[in-house]
Amino acid sequence: MSETRPEFGGIQAERQIERLLFDYAFHLDMNHPEELSGLFVEDCEVSYAPNFGAQGIAAYRETLNGIGSYFQATSHHVSNIAIDFVSDGEAVVRSVLLAWHRYRRERPDGWLWGQYHDIVVKIDGRWKFKRRELRTTATQDFHVKTAHPIGRAE
Amino acid sequence: MSETRPEFGGIQAERQIERLLFDYAFHLDMNHPEELSGLFVEDCEVSYAPNFGAQGIAAYRETLNGIGSYFQATSHHVSNIAIDFVSDGEAVVRSVLLAWHRYRRERPDGWLWGQYHDIVVKIDGRWKFKRRELRTTATQDFHVKTAHPIGRAE
Amino acid sequence: MSETRPEFGGIQAERQIERLLFDYAFHLDMNHPEELSGLFVEDCEVSYAPNFGAQGIAAYRETLNGIGSYFQATSHHVSNIAIDFVSDGEAVVRSVLLAWHRYRRERPDGWLWGQYHDIVVKIDGRWKFKRRELRTTATQDFHVKTAHPIGRAE
């Protein structure tokens with residue numbers, strides 16, 4: 001809720017954090033693994049699903065290897081960005097993702113509806129991902145069969 | 001048009017109003033009826049379609065009862081947010097919605113493309129919905145068969 | 001990258017530029033050709049695909065003629081907006097588009113996933129499109145068969 005948001009950060013920081021999320025999506029869709037890994041801190045933690053993620057930037061770089069050969073095209077649409085600052089240099093970020101994938105193999109396009117839950121930190125004047133977790137609302141014809149649930153109430 | 005926007009409100013208020021829209025989408029997808037109704041003023045008016053809506057917070061709470069049992073999952077993607085302040089404490093807000101629904105019953109996933117047209121007000125330092133109207137651009141396999149049209153010119 | 005962004009423009013200008021993108025999408029979905037052309041400068045350049053675009057506002061107006069008769073409905077969802085100022089009066093803008101189309105003819109709905117790459121300029125206190133280029137990530141059942149590629153790395 002906005003009234004409980006601490007007065008850290010400010011709007012300039014929020015814009016820079018939004019830009020971080022958009023640059024991630026852009027470089028993912030462009031198949032730019034170098035630029036992608038540059039958006040994460042050295043000791044980052046990435047979790048796309050149980051047993052699918054990385055601890056540390058070296059491990060994360062390895063997960064990016066398959067993008068070029070596996071997908072013919074992807075499109076990541078990020079909206080509903082909610083930023084809560086923990087301090088001037090750290091924020092918790094929630095966003096909504098619509099991710100569409102066209103495979104190189106002959107198979108139907110894969111859809112994922114989900115949420116990103118991130119911890120971002122400011123290092124040397126620049127915001128980066130410290131932790132990125134994808135929670136999956138639902139999928140259709142998607143190649144990854146495990147997922148972190150969003151925790152929808154019954 | 002931006003040049004006609006009155007100088008009420010300011011960017012901090014715009015961010016808080018955007019957050020209101022995002023919290024609504026989040027709590028809807030999470031099936032949090034209590035948190036949802038907390039985003040509306042007591043004498044709110046909600047209209048999702050002709051004969052489908054609510055006058056006042058008590059009536060609105062009733063419309064939220066079926067979310068948990070009817071949908072297995074939903075994903076609400078809100079973008080294109082245009083805010084026009086009427087005063088420092090009131091704004092007219094237009095946004096675009098892509099809403100996707102997976103039902104508990106065996107039936108195809110339902111899509112809705114539409115626009116939210118909101119009136120939001122600042123009460124006790126916090127922005128809330130005073131009026132929320134959904135206008136429907138189009139649907140596919142959707143369970144609601146009536147709609148407010150967006151008024152597309154012929 | 002955010003740290004290399006020049007300190008031109010400011011957040012108020014960014015909001016006005018976002019509003020320009022949202023007003024374009026709104027008036028396109030509403031079939032408002034007059035309002036659409038008002039968002040472009042006189043000597044604008046628009047390129048939706050090779051051999052599909054316009055040089056100058058008069059030619060652009062002609063491209064808008066078919067919207068009303070060709071589509072029953074469209075929905076343009078714009079997100080991931082990245083703004084880089086070149087000066088206080090000019091910016092380069094990248095955004096992501098999910099565009100959905102229902103045709104008047106009996107044919108499947110058309111989808112386009114893409115990127116807008118814009119040059120926007122401030123004229124008489126108001127931001128307008130100087131150049132708008134659509135790059136296409138992928139399509140499904142879409143009526144336009146040529147496209148500018150996004151340039152995804154192999």
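1. Partly exposed ring, B:F52. At 35% relative accessibility, B:F52 counts as partly exposed. The model is a predicted one. The partner ring, B:Y48, is buried, and its relative accessible area is 14%. A search of the whole structure gives 42 aromatic pairs over all chains. In the pair of B:Y48 and B:F52, the ring centres lie 5.3 Å apart and the planes make 45 degrees, so the pair is tilted.

2. Second tilted pair, in chain C. C:F71 and C:Y103 also form an aromatic pair. The centre-to-centre distance is 5.7 Å, with 35 degrees between the planes, and the pair is tilted. C:F71 sits in strand β3 (residues 71-87) of chain C and C:Y103 in strand β4 (residues 90-103) of chain C. They are 32 residues apart, and the pair links distant parts of the chain. Both C:F71 and C:Y103 are buried.

3. Tryptophan cluster. Which residues do ring pairs link into a cluster? They are A:W100, A:W111, A:W113, B:W100, B:W111, B:W113, C:W100, C:W111 and C:W113. The cluster thus has members in chains A, B and C.

4. C:R102 and its surroundings. C:R102 is in strand β4 of chain C. Is C:R102 buried or exposed? It counts as buried, at 18% relative accessibility; the cut-off for buried is under 20%. C:R102 and C:F71 are 31 residues apart along the chain, yet their C-alpha atoms are separated by 5.8 Å. Leaving aside neighbours within four places in sequence, C:R102 contacts C:F71, C:Q72, C:A73 and C:D109 in chain C. From chain B, C:R102 is in contact with B:A138, B:T139 and B:Q140. C:F71 therefore appears both in the contact list of C:R102 and in the tilted pair with C:Y103.

5. Relation of the chains. Two copies of a chain are related by a rotation about an axis and a shift along it. Chain B can be laid on chain A by a turn of 120 degrees and a shift of 0.0 Å along the axis, with an RMSD of 0.0 Å. That is the relation of a three-fold axis. For chain C on chain A, the rotation is 120 degrees, the shift along the axis 0.0 Å and the RMSD 0.0 Å.

6. What comes closest to the axis. Which residue of chain B comes closest to the rotation axis? B:S79 does, with its C-alpha at 3.6 Å. Among the residues of chain C, C:S79 comes closest, at 3.6 Å (C-alpha).

7. Surfaces used by the copies. Only 12% of the interface residues of chain B are also interface residues in chain A, so the copies meet through different surfaces. For chain C, the share that are also interface residues in chain A is only 13%, so here too the copies meet through different surfaces.

8. Helix α1(A) against α1(C). Helix α1 (residues 11-29) of chain A packs with helix α1 (residues 11-29) of chain C at about 45 degrees, and their axes are 11 Å apart. That makes α1(A) oblique to α1(C). From α1(A), the contact uses A:I11, A:Q12 and A:R15. From α1(C), it uses C:I11, C:E14, C:R15 and C:E18. By class, the contact of α1(A) with α1(C) has two nonpolar residues, one polar and four charged.

9. Helix α1(A) against α1(B). α1(A) and helix α1 (residues 11-29) of chain B pack at an angle of about 45 degrees, with 11 Å between their axes. That makes α1(A) oblique to α1(B). On the α1(A) side, the residues are A:I11, A:E14, A:R15 and A:E18. They meet B:I11, B:Q12 and B:R15 in α1(B). The contact of α1(A) with α1(B) divides into two nonpolar, one polar and four charged residues.

10. Positive phi in a strand. Most residues other than glycine have a negative phi. B:N80 is not a glycine, but has a positive phi of about 55 degrees. The residue lies in strand β3 (residues 71-87) of chain B. B:N80 is buried, with a relative accessible area of 3%.

11. Positive phi in a loop. C:D124 has a positive phi too, near 50 degrees, and is a residue other than glycine. Where is C:D124 found? The place is the loop between β5 (110-123) and β6 (126-140) of chain C. C:D124 is exposed, with a relative accessible area of 80%, whereas B:N80 is buried.

Key: Residues are numbered from 1 along each chain as its sequence is written. Chains are lettered from A and ligands numbered from 1 in the order in which they are written. This is a predicted model: local features need pLDDT of at least 70, side-chain atom pairs count only at pLDDT 80 or more; totals for chains, interfaces and linings use all residues. Side-chain values use heavy atoms; hydrogens and water are left out. Axes are lines fitted to C-alpha atoms, for helices over the stretch in contact, and angles run from 0 to 180 degrees between N-to-C directions. Helices (H or I, at least four residues) and strands (E, at least two) are DSSP runs, numbered from the N terminus. Angles under 35 degrees count as roughly parallel, over 145 as roughly antiparallel, 65 to 115 as roughly perpendicular and the rest as oblique. Contact means heavy atoms within 4.5 Å. Ala, Val, Leu, Ile, Met, Phe, Trp, Tyr, Cys and Pro count as nonpolar, Asp, Glu, Lys and Arg as charged, and the others, Gly among them, as polar. Copies are superposed by least squares on the C-alpha atoms of residues with pLDDT of at least 70 in both. Rings of Phe, Tyr and Trp (its six-membered ring) pair if their centres lie within 6.5 Å; planes under 30 degrees apart count as stacked, over 60 as edge-to-face and the rest as tilted. Buried means under 20% relative accessible area, exposed over 50%, partly exposed in between (1.4 Å probe, protein chains only).
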